[in-house]
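Take the chains one topic at a time. Keep the 3D view open while reading.

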Number of protein chains: 6
Amino acid sequence: MSFNYLQPGKPAVFKDRFTTKVTECIKPYESGDRGAVGILGLPASKSSISMSMAAEAPQAIRKALGSYSTFSATKNHDFKDDVLIDFGDVSVHPTDVEATLDRLHVSVGEMLETEACERYIMLGGDHGVSFPSIHAFQKKFGRVGILQWDAHHDVRNLDDGGRTNGTPFRSLIEGGVIRGEDLVQIGIRDYSNAAAYDDYCEEKGIHVYTMDDLDQQGILQVVEKELQRLADQVDVIYLSVDMDAVDQAFAPGCPAIGPGGFTSRELLSSVRAAAMHEKVKAMDIVEIDPSKDVRAITSRLAAHVMLRFMYK
Amino acid sequence: MSFNYLQPGKPAVFKDRFTTKVTECIKPYESGDRGAVGILGLPASKSSISMSMAAEAPQAIRKALGSYSTFSATKNHDFKDDVLIDFGDVSVHPTDVEATLDRLHVSVGEMLETEACERYIMLGGDHGVSFPSIHAFQKKFGRVGILQWDAHHDVRNLDDGGRTNGTPFRSLIEGGVIRGEDLVQIGIRDYSNAAAYDDYCEEKGIHVYTMDDLDQQGILQVVEKELQRLADQVDVIYLSVDMDAVDQAFAPGCPAIGPGGFTSRELLSSVRAAAMHEKVKAMDIVEIDPSKDVRAITSRLAAHVMLRFMYK
Amino acid sequence: MSFNYLQPGKPAVFKDRFTTKVTECIKPYESGDRGAVGILGLPASKSSISMSMAAEAPQAIRKALGSYSTFSATKNHDFKDDVLIDFGDVSVHPTDVEATLDRLHVSVGEMLETEACERYIMLGGDHGVSFPSIHAFQKKFGRVGILQWDAHHDVRNLDDGGRTNGTPFRSLIEGGVIRGEDLVQIGIRDYSNAAAYDDYCEEKGIHVYTMDDLDQQGILQVVEKELQRLADQVDVIYLSVDMDAVDQAFAPGCPAIGPGGFTSRELLSSVRAAAMHEKVKAMDIVEIDPSKDVRAITSRLAAHVMLRFMYK
Amino acid sequence: MSFNYLQPGKPAVFKDRFTTKVTECIKPYESGDRGAVGILGLPASKSSISMSMAAEAPQAIRKALGSYSTFSATKNHDFKDDVLIDFGDVSVHPTDVEATLDRLHVSVGEMLETEACERYIMLGGDHGVSFPSIHAFQKKFGRVGILQWDAHHDVRNLDDGGRTNGTPFRSLIEGGVIRGEDLVQIGIRDYSNAAAYDDYCEEKGIHVYTMDDLDQQGILQVVEKELQRLADQVDVIYLSVDMDAVDQAFAPGCPAIGPGGFTSRELLSSVRAAAMHEKVKAMDIVEIDPSKDVRAITSRLAAHVMLRFMYK
Amino acid sequence: MSFNYLQPGKPAVFKDRFTTKVTECIKPYESGDRGAVGILGLPASKSSISMSMAAEAPQAIRKALGSYSTFSATKNHDFKDDVLIDFGDVSVHPTDVEATLDRLHVSVGEMLETEACERYIMLGGDHGVSFPSIHAFQKKFGRVGILQWDAHHDVRNLDDGGRTNGTPFRSLIEGGVIRGEDLVQIGIRDYSNAAAYDDYCEEKGIHVYTMDDLDQQGILQVVEKELQRLADQVDVIYLSVDMDAVDQAFAPGCPAIGPGGFTSRELLSSVRAAAMHEKVKAMDIVEIDPSKDVRAITSRLAAHVMLRFMYK
Amino acid sequence: MSFNYLQPGKPAVFKDRFTTKVTECIKPYESGDRGAVGILGLPASKSSISMSMAAEAPQAIRKALGSYSTFSATKNHDFKDDVLIDFGDVSVHPTDVEATLDRLHVSVGEMLETEACERYIMLGGDHGVSFPSIHAFQKKFGRVGILQWDAHHDVRNLDDGGRTNGTPFRSLIEGGVIRGEDLVQIGIRDYSNAAAYDDYCEEKGIHVYTMDDLDQQGILQVVEKELQRLADQVDVIYLSVDMDAVDQAFAPGCPAIGPGGFTSRELLSSVRAAAMHEKVKAMDIVEIDPSKDVRAITSRLAAHVMLRFMYK
Ligand SMILES: [Ca+2]
Ligand SMILES: [Ca+2]
Ligand SMILES: [Ca+2]
Ligand SMILES: [Ca+2]
Ligand SMILES: [Ca+2]
Ligand SMILES: [Ca+2]
Ligand SMILES: [Ca+2]
Ligand SMILES: [Ca+2]
Ligand SMILES: [Ca+2]
Ligand SMILES: [Ca+2]
Ligand SMILES: [Ca+2]
Ligand SMILES: [Ca+2]
């Protein structure tokens, strides 16, 4: 039997026949599928130093994506034919954080092994997820360069609390997964990091840009200059977007909010500029705690960041 | 390819191997299916006199259902084998309220025509949805008796605003769909109705119980007495649960909240008592506006009401 | 020129021709007016020990009153012909608390001098407003008996902070305005008062009932017994309803909330019982801070308390 | 009798003798009145595609207006002698959206027939109100040019849902009320519109400026250039301000919020620039849902937009 | 130098000279101290199945305690001379949940070794903290009987997620720390547990009382009967108060809220009854997530529960 | 006895051995102490015209300070050796506003008499605290110049409400404490002040810069020019930061919020520029009402403002 106004098991949504929603272009992965961008949720935040519900972000960002269409007026292009593949969310372990990191690593690797997509988006979770994720990319593609939007260095020592959301880039460097000179950090903020870790960055050759540096040199100029530099030395570039790089007025839903960061327009234009680069194959978006957000503003911004990455 | 920790396109949920969640027992209707209870969303609230987002309730209540299991300790029974069939939500019209009422009526009728289930739950929406819903039951089953939990009579005149959430029982009586003596209202509150509509109820033979009446006569006693009376004269009994019958402390998410209503335990026990009756075949739950709720308390209570109806 | 759908300067409100709202029966006082109940706002809360926005309550309660009708199903009576007179809100002094107390006293007195109404409701503000208000009643009517719903004695010493919301009944007794034996306190809670003030109450002959006492003796029984006792010795009885006597689940908008108090139904029935007494001529409702409330639940309860007092 | 600190029926407000509040200059219209600007509320949002409480905005914006004074430091002028006339809010129909649109149309027309003011502000409601409002202006004044601040084109097809908040400019063009070339849209955002409607705009000659276009050409430059163009071809210019043109950080209370829009300062300066133009006679402000707002931030911004329009 | 109105480094608090606040009686433990009750924070919630911020509860409950005084009107006694000793909060491990459980166990043990107090209160954290805490009591005192207020059995299998907040009593039984017949569960709710775990409880001889059982047998009667039974067979009795035993209206700040539980008065009176028993030496309060609470209602209730335990 | 994971009486906090938190450098004043910056809380807001909980700000800002470290990446300097001295909060009078102002004045004076620090930060409270605070500086240091960030002049007449938060600079000028030409106001906004007070400023020679003036002349340019001018004529410069100078999107927690103000980056850079000046010895931060804030965004911004002042 068929129904006039019902689709069993489904919520009813208004459909304008001429509008394609981004979510209409997302399909669950099935063996053999090919698509433009793969999406994977890494719902882990028990590695956070302060208590965080960032594990709920992958679903919140996907929901926010539901209000966007596939048409870019700026590019005058409708991306409705770009297939997006959703690999789902990794099932994490309730009590074993190391096991969770391992599951994340395995899952990103398995996704890459499908070779289903040209580029990938990983949705955290806290910043701790970048370590297993980037590690998987390194295994698959070789030398990885990283452009990191962040107020913080995230190179804390591993002894005081294990692999937390404050340590991913330390883990990557110490583990020999990446080299210091292949890491670029933009948006680092005053009074938000320790001197010792600033020293560590210098020692390891990490390129660090504070908000003041960006004000003076221009965000887009820095992004382009550094991508070019990285491109010459690495096999693949990975964008790691910690949303707390953004000013708290524009991203109130991060665990560690503060004033003096990027505006929403600065974030969007810099991600767009970076995503245009040939060697950029991956992006993660981390550190959104939906339970702390206001009207999902931060998840909406993250969803828009995804669009800037996906549609180029 | 198969994955270790991923189900493509799905959020990851912790699974305890010995626990069956209610939502695991719900399946979308497919032709030929048979089940214990059918569930249908009636996401319409543009008929509300005051602005209401009650249209968002069917999804909110289903989500709340997700945290319940199938085991009743009181009955010492696991209802995991009871199949629940989800007919989805009716697609409403954005601007034509009458067309929406018609779609609701058609859809409830189509669901009943499947004869898939023994009993049905309709999730509003505002109370305006009860008119088309009960009308469909009357067409299918004959004379309908109604037990209505409500602070309000909902028999307003139709001239001042058309068919609003203040008129469903007036519409049913004036339209000859039900008889006054087949309608029982419990939980009517002082200073929440007009004298003229109290007179109307009396005139039509509606049985009305105020909170004071219930205090004196006992809620369960009234419910049982009236169900027995109705059973003698009707073909089928329909429960209509307006959540604003409940005290605002226990159901803060209704548009028209106030003090002096049912406690959560009084609501649950009275619905359970009513649901046990042979002739009770249907229930609607209406007037929850999730945007006004606190931690989904009202939707959680509604989900528990569903359980008391479904599992008997 | 006249308009079809406009009343210049007014918000549009849905009007059901058969429903009379309580607010339709309220008129601003004009010289010579007579009415059943007078309403006066005492928007003062700078006397609160802890910071409080209770000064915003008179407007919040009046707004909550707007959703009630004039018909009592229990009494089967429509009170639409009872004229209610609104004397407005007292203009308080921004920085001089003593001047504010004086203005409250003068204003209550001026209202009483109009002899416009049989009974009066004063809307606080914090409990500090009861001192000037009751003082005005004493000047006009003679010996005043008081029935106070409260978790607290409010007989703190005056030296540690002047006339705060913790001192009104001390001020009344020390000032010779009332006698200890004319004051009855119901709902006093454990761990919410000092031993010294319990002693003070005993010394002055104040009749004190804790929540435990009420559980054992019955709220309505206590109210009736004490009103009868007071009636024999005073000229007029004044009800003073501190909303924090109510459990925090039912009145979350009080500055000093806590568990273990009255339910909404206990408050409403006890106020109704008290209001029926001949000698009860006045009531104040205090200690609602609308900025802390949830969906105006506490103001809605206060408005219902007003109805129980006004319509008898 | 007169009172010392009371104005019966009125809330008490602190009065600084040297400060004139904007609200002190607003009076309800009476026959024969003349004023600088007329204000009319169009509290309709049942035409919204997604559920919206925008109908509550006219009262929220008026309340926000209450905290502003009449003095502009920039212009060094006190506008306290400018009379503002409040025509009230249109009484909408609870269930008949088309009837509501008709009432809005009739009411704007009746207001214009009074010829009481030189310029007018209409407060929505959702964007659906602009169709009946602009239609009334066209009937009274002839050819109308429109400058629209919006993230969206609002030229959806009329078949999928009737006249919603997504269709006003389609309705105006299809109904022959305005010409495509007389419509200018600024602030259009990527991934927020369909390709088909972008095509429609081009086809009809609508001038469209995306956020990127504005970044490159300058907001004020675009506004001035387009106003000049419109002025040459139309009789009157109407500003239509959909608040969702503003970035979600500055206007969190719109139903369809998102990142990447105007800052508050960009909105205010562009409205001020437009309002200075001779032919600009009207403005509407739409798509604020006060129930979703944070501390009335969006209504406060809207009130400031009114000031920029009213006082020139 | 001394100051008139300043105490360097301290916030200023209003002091009524006759009132003793509970917090004035709490002192940090120093070697050799003796007191009536010891307080210890167990701020761990990374063992929660669903994400939880319950780790923030010890500080929230202590803050709520700050508004209570030491005087019980019911007992007519001022407990200001009862010394309360605060052992602080256990420093948990950011990423190693098993290490955290070990630290909790060690710390409770170290506290007991001080023999500083007669009785102890442990503040969770999620319910996972009860396993290491009770284990420490068993080591120190021998056979432990437990009275558990809870909607849930908390005897899940340990394989599906390790030692979570769903497993403490399973861990205790499987680990031979307690015997099934020494565990009493009150407040178990329908549709909130699995049949398999109900079977497990029966098998192990755990005494289980559902809300329905309590309604029929009386809460206080059950508590007294079971304490007497336990007292005959154990060395010490431990109360474990999972706040989600309380109805969501009275305890909205628990991770797993729902309707149909205890009222605040039922919880307080049953804890008071239990605390009076000679063999009751310890209590934990768990499962409050302050980030989800409304005006700290749940923490305030927990603080009152502490008072009922401490002062007998 | 010592504990492994406990510090009695203290909450547990994660400690990274290489990170110094600002709060670790703050110590309560003891006689003879010397430090870089003194901090004093002025928790008074009963002088506010509209009801305000700004009295809670000193504790909220201190708490926000707790998440910052001592290292400035921009200056490449770790300020961990700068001693910060906390003089605590002034104990205010619950009901006597004038007495409170006097206590503030006495306390600031006593702090200055210690000569413990080179520079001082006073945390309001409402803007009324600046009068007694600046008065104390004038007594100690002589002629005081003031740079005031504010949307408002705060030179209201004293007759309509006494010394409110709208009068501090009037009080200072009328009382002969400062001269008009020694006061600079930046960020003054349209429609937020009265013409009479604009005239007053002109008359007294106050230098006033509206947001428009700053847009045109450059904020940093204005700040530097005016500091230089002041430096030539005064003994000491005092910064008075009313947080409502900031746009409501960046500082939602002020009582009098509005659009069109400073961004967070503009505030931070202008305070940093001012703080660098030799003669700047003091700063107050006022008009934050934590009860109205969103995720403590405004307090976090205020804490960052402190850092910009403290560390130079
Ligand atoms: Ca990071
Ligand atoms: Ca970060
Ligand atoms: Ca109803
Ligand atoms: Ca109802
Ligand atoms: Ca009181
Ligand atoms: Ca009280
Ligand atoms: Ca629009
Ligand atoms: Ca729009
Ligand atoms: Ca539990
Ligand atoms: Ca539980
Ligand atoms: Ca100011
Ligand atoms: Ca100001």
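What follows goes from a sheet to its core, then to the metal sites and the arrangement of chains.

The model is predicted. Start with chain F. Nine of its strands form an open sheet with parallel pairing. The order is E1-E5-E2-E6-E11-E10-E7-E8-E9. Strand E1 (26–28) and strand E9 (207–210) of chain F stand at the edges. Each has a single partner strand, so one side of each is left without a neighbour in the sheet. On average, neighbouring strands of this sheet are turned by 20 degrees against each other, direction ignored.

Look at the E9 edge of chain F. Strand E8 (residues 183–188) and E9(F) run parallel, joined by four bridges. F:Ile188 has F:Thr210 as its bridge partner in E9(F). Helix H8 (residues 264–275) of chain F packs on the sheet. Helix H8 of chain F touches strand E6 (117–124), strand E7 (144–149), strand E10 (236–242) and strand E11 (280–286) of that chain. Its direction makes about 170 degrees with that of E7(F).

Helix H8 (residues 264–275) of chain A holds A:Ala275. Is A:Ala275 buried or exposed? With 0% relative accessibility, A:Ala275 counts as buried. Leaving out residues up to four places away in sequence, A:Ala275 touches A:Arg119, A:Leu239, A:Val280, A:Arg308, A:Phe309 and A:Lys312. A:Ser299 is 24 residues from A:Ala275 in sequence. In space the two are 19 Å apart, C-alpha to C-alpha.

Now take strand E2 (residues 35–42) in chain D. How many of the eight residues of E2(D) are buried? Eight of the eight are, and the strand is mostly covered. E2(D) runs parallel to strand E6 (residues 117–124) of chain D, with seven bridges between them. Four bridges pair E2(D) with strand E5 (residues 84–89) of chain D, again in the parallel sense. D:Ile39 shows both pairings. Its bridge partner in E6(D) is D:Ile121. In E5(D), D:Ile39 stands opposite D:Asp86. A general point helps in reading such strands. In a regular strand the side chains alternate between the two faces of the sheet.

Next, the nonpolar interior. The largest nonpolar core has 181 residues. Which members touch the most others? They are A:Trp149, A:Met310, D:Trp149, D:Met310, F:Trp149 and F:Met310. F:Met310 is in contact with F:Val22, F:Val37, F:Ile39, F:Asp82, F:Leu84, F:Arg119 and F:Ile121, leaving aside neighbours within four places in sequence. Another core, of 178 residues, lies apart from the largest one. Its members include B:Leu123, B:Trp149, B:Val305 and C:Val241.

Turn to the metals. In chain D, which residues supply the protein donors of the calcium ion (ligand 7)? They are D:His127 (ND1), D:Asp150 (OD, twice), D:Asp154 (OD) and D:Asp242 (OD). These donors lie 2.0 to 3.2 Å from the ion. Along the sequence, the donor residues are spaced H-x22-D-x3-D-x87-D. The calcium ion (ligand 8) lies 3.2 Å from the calcium ion (ligand 7), and D:Asp150 bridges the two. D:His127 lies in the loop between E6 and helix H3 (130–141) of chain D. D:Asp154 lies in the loop between strand E7 (144–149) and helix H4 (168–174) of chain D. The pair is 27 residues apart in sequence, so it ties together separate parts of the chain. D:His127 is buried, at a relative accessible area of 0%. D:Asp154 also counts as buried, at 9% relative accessibility.

Chain C has its own site. There the calcium ion (ligand 6) is coordinated by C:Asp150 (OD), C:His152 (ND1), C:Asp242 (OD) and C:Asp244 (OD, twice), at 2.3 to 2.5 Å. Its donors follow the spacing D-x1-H-x89-D-x1-D. C:Asp242 and C:Asp244 are both buried. C:Asp150 coordinates the calcium ion (ligand 5) as well as the calcium ion (ligand 6), and these ions are 3.2 Å apart.

Finally, the chains. A rotation of 180 degrees, with 0.0 Å of shift along its axis, superposes chain D on chain B at an RMSD of 0.0 Å. The two copies are thus related as by a two-fold rotation axis. Within chain D, D:Lys46 has the C-alpha nearest the axis, 3.2 Å from it. Of the interface residues of chain D, 100% are also interface residues in chain B, so the copies meet through the same surface. Chain D and chain E do not touch, and their nearest C-alpha atoms are 18 Å apart. Chain B and chain F do not touch either, with nearest C-alpha atoms 18 Å apart.

How values were computed
Residues are numbered from 1 along each chain as its sequence is written. Chains are lettered from A and ligands numbered from 1 in the order in which they are written. This is a predicted model: local features need pLDDT of at least 70, side-chain atom pairs count only at pLDDT 80 or more; totals for chains, interfaces and linings use all residues. Side-chain values use heavy atoms; hydrogens and water are left out. Donors are N, O and S atoms within 2.8 Å of the metal (3.2 Å for Na, K and Ca); water is not among the atoms, so sites may look incomplete. Buried means under 20% relative accessible area, exposed over 50%, partly exposed in between (1.4 Å probe, protein chains only). Helices (H or I, at least four residues) and strands (E, at least two) are DSSP runs, numbered from the N terminus. Two strands pair if DSSP finds at least two bridges between them. A nonpolar core is a set of buried Ala, Val, Leu, Ile, Met, Phe, Trp, Tyr and Cys residues joined through side-chain atoms within 4.5 Å. Contact means heavy atoms within 4.5 Å. Axes are lines fitted to C-alpha atoms, for helices over the stretch in contact, and angles run from 0 to 180 degrees between N-to-C directions. Copies are superposed by least squares on the C-alpha atoms of residues with pLDDT of at least 70 in both.
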